[in-house]
Amino acid sequence: MTDRRPPLTLTEVEALARAAHEGQTDKAGRPYAEHLAAVAEGVRVRGGSADQQAAAWLHDAVEDDALSREWLDSAALPQSVKDIVLAVTKRPGEPVEAYTARILATPGALLVKEADLAHNADPARLSVLDEPTRRRLTGKYARVRSLLGL
């Protein structure tokens with residue numbers, strides 16, 4: 001049966017994502033919503049579509065258990081948004097090669113992951129972390145960028 005509900009607007013998706021991640025912080029102790037906003041803006045300035053921007057707001061929601069997979073499956077969202085969110089959602093124990101291959105195989109997902117990596121690897125964000133964590137994350141992000149051809 002076709003979903004007859006109007007799709008959530010970008011403003012509604014943003015509000016949902018902010019509420020879902022309420023109280024969460026990033027590795028630097030900043031409100032997690034700042035990361036989501038930066039990734040969504042990164043997608044926008046890179047010419048991403050509204051669907052890609054919506055996926056950017058939701059890109060960590062399933063992975064971080066902020067929203068369930070069941071919620072995503074039943075959400076009034078275009079299938080492309082759902083596909084991108086699932087493509088960029090890391091699975092427990094999944095090799096990075098399988099993860100990056102899924103991103104590359106999913107239309108629209110690479111741009112969202114590119115914006116995510118750009119914000120994650122921002123030197124200003126990394127500078128507040130301890131040296132071992134900064135070094136580990138810098139290497140991790142460089143490996144993913146390489147596998148994605150970025």
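The exercises below, each with a worked solution, go through a predicted model.

Residues are numbered from 1 along each chain as its sequence is written. In this predicted model, local features need pLDDT of at least 70 and side-chain atom pairs count only at pLDDT 80 or more, while totals for chains, interfaces and linings use all residues, and side-chain values use heavy atoms, with hydrogens and water left out.

**Exercise 1. Compare the expected span of H2 with the distance between its end C-alpha atoms, and find which of its residues are buried.**

Solution. Helices here are DSSP runs (H or I, at least four residues), numbered from the N terminus, and H2 covers 32-45. The expected span of a helix is 1.5 Å times one less than its number of residues. For the 14 residues of H2 this gives 20 Å, and because the end C-alpha atoms are 20 Å apart, the two values agree.

Next comes burial, where buried means under 20% relative accessible area, exposed over 50%, and partly exposed in between, with a 1.4 Å probe and protein chains only. The buried residues of H2 are Tyr32, Ala33, His35, Leu36, Val39, Ala40, Gly42 and Val43. They pack against helix H1 (10-20), helix H3 (50-58), H7 and H8, where contact means heavy atoms within 4.5 Å. After H2 comes Gly47, with a positive phi near 90°.

**Exercise 2. Describe the largest pocket by its volume and its lining.**

Solution. On a 1 Å grid over the protein atoms alone, a pocket is an open set of points where a 1.4 Å probe fits, with protein on both sides within 12 Å along at least five of seven lines, and lining residues have an atom within 4 Å of a point. A volume is the space filled by probe spheres set on the points, which are joined across faces, edges and corners.

The volume of the largest pocket is about 390 Å³. Of the 24 residues that line this pocket, Lys27, Tyr32, His35, Asn120 and Tyr141 are the closest to its centre. Two or more lining residues come from each of H2, helix H7 (109-120), helix H8 (123-126) and helix H9 (131-148). Sorted by class, the lining has 10 nonpolar, 4 polar and 10 charged residues; here Ala, Val, Leu, Ile, Met, Phe, Trp, Tyr, Cys and Pro count as nonpolar, Asp, Glu, Lys and Arg as charged, and the others, Gly among them, as polar.

**Exercise 3. Find which element gives the largest share of the largest nonpolar core, and say what covers the buried residues of that element.**

Solution. A nonpolar core is a set of buried Ala, Val, Leu, Ile, Met, Phe, Trp, Tyr and Cys residues joined through side-chain atoms within 4.5 Å. The largest one has 39 residues, and Leu58, Leu77, Val81 and Val85 have the most contacts inside it. Its largest share, 6 residues, comes from H5.

In H5 (79-88), 7 of the 10 residues are buried, namely Val81, Lys82, Ile84, Val85, Leu86, Ala87 and Val88. What covers them includes H3, H4, H6 and H7. Leaving aside neighbours within four places in sequence, Val85 is in contact with Ala55, Leu58, Val62 and Leu72.

**Exercise 4. Is Asp65 buried or exposed, and what is its phi?**

Solution. Asp65 is in the loop between H3 and helix H4 (69-74). With 68% relative accessibility, Asp65 counts as exposed. Most residues other than glycine have a negative phi. The phi of Asp65, however, is positive, near 60°.
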